[in-house]
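Colleague: I would like a close look at one small part of this model, together with the parts of the chain that surround it. Could you take me through it in one connected account?

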Amino acid sequence: MTSFVRQFVSKKKRRIRENGFDLDLSYITDRIIAMGIPAEGREGLFRNPIAEVARFLKHYHENHFKVINLCSERDYDPAKVGGNVERIPLEDHQIAPLSLMLKFCQIADEWLSQNENNVLVTHCKAGKGRSGQMICAYLMYTSYCPCPQTALQFYGEKRTKNGKGVTIPSQRRYVGYFHDFLEKGPREEVELQLAQISFTSNIVSAKDVNVVISSIIDTDSCKRTRVISADESGMKVTRSKSGRTMVLGFSHLWIFGDVKFEFHTPKARLFFFWFNTSYIQGTEFSLWNKRELDKPSKGIELDTQVSLFFVERRPRGAKQ
Ligand SMILES: O=P(O)(O)O[C@@H]1[C@@H](OP(=O)(O)O)[C@H](OP(=O)(O)O)[C@H](O)[C@H](OP(=O)(O)O)[C@H]1OP(=O)(O)O
């Protein structure tokens, strides 16, 4: 019964079933493992029981494994899985900024180069999205995969039975940013002045929609600061609505770095997306349909579109 529940919870992810082990765990390469969180108590009944994870790692990789915990929402006593655990806390369903992708790669590389028997074990909660973003970065960092498309496809096939590994569009976008970073080095840090958001969707004619913009202020903790809600005063925000289109106009709103846009109705979150201002080319950032949005709600139709228009860009820290 427990085995059935665990299988159900791990959905399409590939499990390892051998020598009495049955875990939500996949070898992406011989030396890189992705798995679901080692869980305790009640959660251990439907996820990977922490004692079983420890037994597996000891059995196959004793003294040669390092675990990286990517969950900000869960933690456990590292001693319960052998002690060699590092944590890079990331929020569920969100992106890891480039600096943390690089940190992950450096930790992984240092560990794996110490001994040819060493393996790296990565997990978030499900061991799919956040783990995938980081592992794809490492596959490119080591030139195991030449480009984002290959890395994402390779990871998807190794981790899941349906080939869908990293599915959140913003996480995939950041895998692309990391490739650019590896090829061309860091980009100049720029601030963008956001003038307008145009949102076209079936939901606009039915509900009031609000937008909350936030950006990461401390990449180590992924701490976010709320920039503005279109419903709040303090900054001049104009709204207009015509049929299926809503337009928000902003005055003097500068955004910088890793920025999240979250669209809400009064009762529910509709979807969100992330980008980094240094990677915006030109004056527009557009997402052309529902498939390009992160975690869109069910009521949104496929032809939903969002466009952001920027009127100015300046190097970070330039005088206003
Ligand atoms: O893709 P889905 O819909 O299975 O979503 C996963 C979640 O399943 P849910 O839809 O909440 O049942 C899943 O949650 P559960 O394991 O189902 O509690 C995780 O949040 C997973 O993210 P990550 O791999 O831990 O970074 C989520 O993966 P991402 O959507 O973040 O890739």
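Modeller: K161 is found in the loop between α5 and α6, and since this is a predicted model, what follows describes computed geometry. K161 counts as exposed because 11 other C-beta atoms lie within 10 Å of its own, where the cut-off for an exposed residue is 12 or fewer. Leaving aside its neighbours within four places in sequence, K161 is in contact with K12 and R14. Between K161 and K184, which are 23 residues apart along the chain, the C-alpha atoms are separated by 34 Å.

On one side of this loop stands helix α5, covering residues 148–159. Its 12 residues reach 16 Å from the first C-alpha to the last, which is close to the 16 Å expected at 1.5 Å a residue. The buried residues of α5 are P148, A151, L152, Y155 and R159. Seen down the helix axis, these buried residues fall within an arc of 95°, so they line one face of α5. As general background, an α-helix has 3.6 residues a turn, so residues three or four places apart point the same way. The buried residues of α5 pack against two strands, β3 (25–29) and β4 (32–35), and against two helices, α4 (129–141) and α6 (169–184).

Of these partners, α4 also leads into the nonpolar interior, since the largest nonpolar core has 78 residues and α4 gives the largest share of this core, with eight residues. The residues with the most contacts inside the core are F104, C136 and A137. Not counting residues up to four places away in sequence, A137 touches M101, F104, C105, V175 and F178.

Two annotations from the UniProt record, both from an unreviewed entry, can be set beside this geometry. The feature "domain: Phosphatase tensin-type" is placed at residues 14–185, a span that is 41% helix and 22% strand, with its end C-alpha atoms 35 Å apart. The annotation "domain: Tyrosine specific protein phosphatases" covers residues 102–173, and over that stretch the chain is 60% helix and 7% strand, with the end C-alpha atoms 15 Å apart.

As for the confidence of the prediction, the protein averages a pLDDT of 94, and 97% of the residues score at least 70, while the model as a whole scores ipTM 0.91 and pTM 0.95.

Notes: Residues are numbered from 1 along each chain as its sequence is written. This is a predicted model: local features need pLDDT of at least 70, side-chain atom pairs count only at pLDDT 80 or more; totals for chains, interfaces and linings use all residues. Helices (H or I, at least four residues) and strands (E, at least two) are DSSP runs, numbered from the N terminus. The expected span of a helix is 1.5 Å times one less than its number of residues. A residue is buried if 20 or more other C-beta atoms lie within 10 Å of its own, exposed if 12 or fewer, and partly exposed in between; C-beta atoms are placed from the backbone. The arc is that of the directions from the helix axis to the C-beta atoms. Two residues are in contact if their C-beta atoms, placed from the backbone, lie within 7 Å. A nonpolar core is a set of buried Ala, Val, Leu, Ile, Met, Phe, Trp, Tyr and Cys residues joined through C-beta atoms within 7 Å. UniProt positions are given in the numbering used here, feature names are shortened, and annotations may be inferred rather than shown by experiment. pLDDT is the predictor's confidence in each residue, from 0 to 100.
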